[in-house]
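Please open the model in a viewer and keep the selection panel at hand. The tour below proceeds from one residue to the whole chain.

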Amino acid sequence: IKLKITNIDIPVAFASAFEGEIIRRGDMQIEFDGSRVDCFELVQTKELSEVEDHKIEVIGPKIDDFEVGSKQSIAYIVEVAGKNMQSDFEPVFERKFHSYINCIEGVMHTGQRDMIRVRISKDAHAAGFELEHIGEVLYAKIKNEFDAVVDKCQVKIYTNPEDCTKLRHELAIPAFDKRDARLLTLTDESVDVYYSCILCQAFSPSHVCVVTPERLGLCGAVSWLDAKATNELDPAGPCQVITKEKCIDERIGEYEDVNEAVRKFSQGALEDVSLYSIMEKPMTSCGCFECICGIEPFSNGVIIANREYSGMTPLGMTFPELASMTGGGVQTPGFMGHGKHFIASKKFMKAEGGIERIVWMPKELKETVAERLNATAKELYGIDNFTDMVGDETIAEDPETLVAFLTEKNHPALSMDPMM
Ligand code: SF4
Ligand code: ZN
């Protein structure tokens, strides 16, 4: 018999009302900042004999040992064991940490993996909040929400900078790399099924993401492996199996089974979608896309803007302006929301010629995706350093300057067929 844990034993409140709470610099007792020092959060699957249920350890200095307002290292590892546990579930649990920790009154969490930031307020610490309470919350929530697969759970919290550095390099990064590598070897052709995700229907009622190995959900947080794990953890939940046996049009990636699924999960609002086209039956967008890709008619290409980008694009629209015409769960040919990871995919608007169509991206985004995007361009078209041909805001914010730059670089989009 498994008991649901309803009461979390911590000295401050725990409720979703605190999720949006901001802790300002002056109000913070301590900050753990993965962008400055070594930090990470990790779930690891262990044998049942290796886990002592509800053991929570803080290894290293406590909050009071650190200077008030200082930036420190932290690493917390949640070790789980259970007969039905699979390592593919680890990232699904990890992604929940953000919401779990944010629900603590006086604690703020951002990021994931080794780019986390955790702030604890002076008020929370004055009320008795210590680091082991983070462990209590993670323990209680994991045991509660994932009781179908987690029989035992223990938490280790490290605060010595040397431990955090060593464990980050020896344990966490190899674990994250292994997960990424696993996904990289999967292609849309190599799997038998795709998955739907309808998590966003709460605010975008007709929106359905079709998640494939080479096309992750547009929020960037749901890969095919994540969707598969979500489905196995909760068979009646947001991710359902979609078969792909009846291909209608290989060029745009249209399947009868996918259309049927989309019709069903959108309650009839959507008729048909393609997986690989932005012009013909493109997938819908809710509101939480990491990026928006939009047609740029003067160059026969597309521009991409990411959410973090606050400037102007050569389309004469900012990201929020593009977002207002792309979201809402309707199909808008020529505009599409997508995840950052999709940019380097061989399936990125394959129907229109693929990544060769990309003519502009904000500089920071371009730098983030450069390595993978250049590798794809080399493999598909034999182009070296493709991103050198792609404009950014330091080169052009209007179509004329952009086209002049693309002409000088002999960008392939200029000689491709018009997109419309
Ligand atoms: Fe699911 Fe992400 Fe798509 Fe929302 S945007 S439906 S969370 S995959
Ligand atoms: Zn969404």
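Is Met419 buried or exposed? Select Met419 in this predicted model and display the C-beta positions around it. Met419 has 20 C-beta neighbours inside 10 Å, and therefore counts as buried; the cut-off for that class is 20 or more.

**The surroundings of Met419**

In the order of the chain, Met419 belongs to the segment that follows α9 (399-409). Next, add Met279, Ile295, Asn300 and Glu352 to the selection: Met419 is in contact with these residues, its neighbours within four places in sequence being left aside. Then select Gly334 and draw the distance between the two C-alpha atoms. Met419 and Gly334 are 8.7 Å apart in space, although 85 residues apart in sequence.

**The two domains**

Now colour residues 16-177 as domain 1 and residues 193-415 as domain 2, the two domains into which the chain is divided. Their centres, taken over C-alpha atoms, are separated by 32 Å. Eight residues from domain 1 and seven residues from domain 2 make up the contact between them. On the domain 1 side of this contact, six residues are nonpolar, two are charged and none is polar.

**The shell around ligand 1**

Move to ligand 1 and select the residues around it. Which residues come nearest to ligand 1? They are Cys197, Cys200, Cys209, Gly217 and Cys219, out of the 13 residues around the ligand. By class, the shell of ligand 1 holds 12 nonpolar residues and one polar residue, with no charged residue.

**The whole chain**

Clear the selection and show the chain as a cartoon. Nine helices and 17 strands are present. The radius of gyration of the chain is 23 Å, close to the 22 Å given by the globule rule for 420 residues, so the chain is as compact as a globular protein of that length. Rotated onto its principal axes, the C-alpha trace spans about 65 × 45 × 35 Å.

Colouring by burial comes next: 44% of the 420 residues count as buried. A contact map gives another view of the chain. Among contacts with a separation of 6 or more, 73% are accounted for by residues 24 or more positions apart.

**Confidence**

Finally, colour the model by pLDDT. The chain averages a pLDDT of 95, and 99% of the residues score at least 70. For the complex, the predictor gives an ipTM of 0.99 and a pTM of 0.83.

Key
Residues are numbered from 1 along each chain as its sequence is written. Chains are lettered from A and ligands numbered from 1 in the order in which they are written. This is a predicted model: local features need pLDDT of at least 70, side-chain atom pairs count only at pLDDT 80 or more; totals for chains, interfaces and linings use all residues. Helices (H or I, at least four residues) and strands (E, at least two) are DSSP runs, numbered from the N terminus. A residue is buried if 20 or more other C-beta atoms lie within 10 Å of its own, exposed if 12 or fewer, and partly exposed in between; C-beta atoms are placed from the backbone. Two residues are in contact if their C-beta atoms, placed from the backbone, lie within 7 Å. Domain bounds come from an automatic or database domain assignment. Ala, Val, Leu, Ile, Met, Phe, Trp, Tyr, Cys and Pro count as nonpolar, Asp, Glu, Lys and Arg as charged, and the others, Gly among them, as polar. A residue is near a molecule or strand if its C-beta atom, placed from the backbone, lies within 6 Å of it. The radius of gyration is taken over C-alpha atoms; the globule rule is 2.2 Å times the number of residues to the power 0.38. pLDDT is the predictor's confidence in each residue, from 0 to 100.
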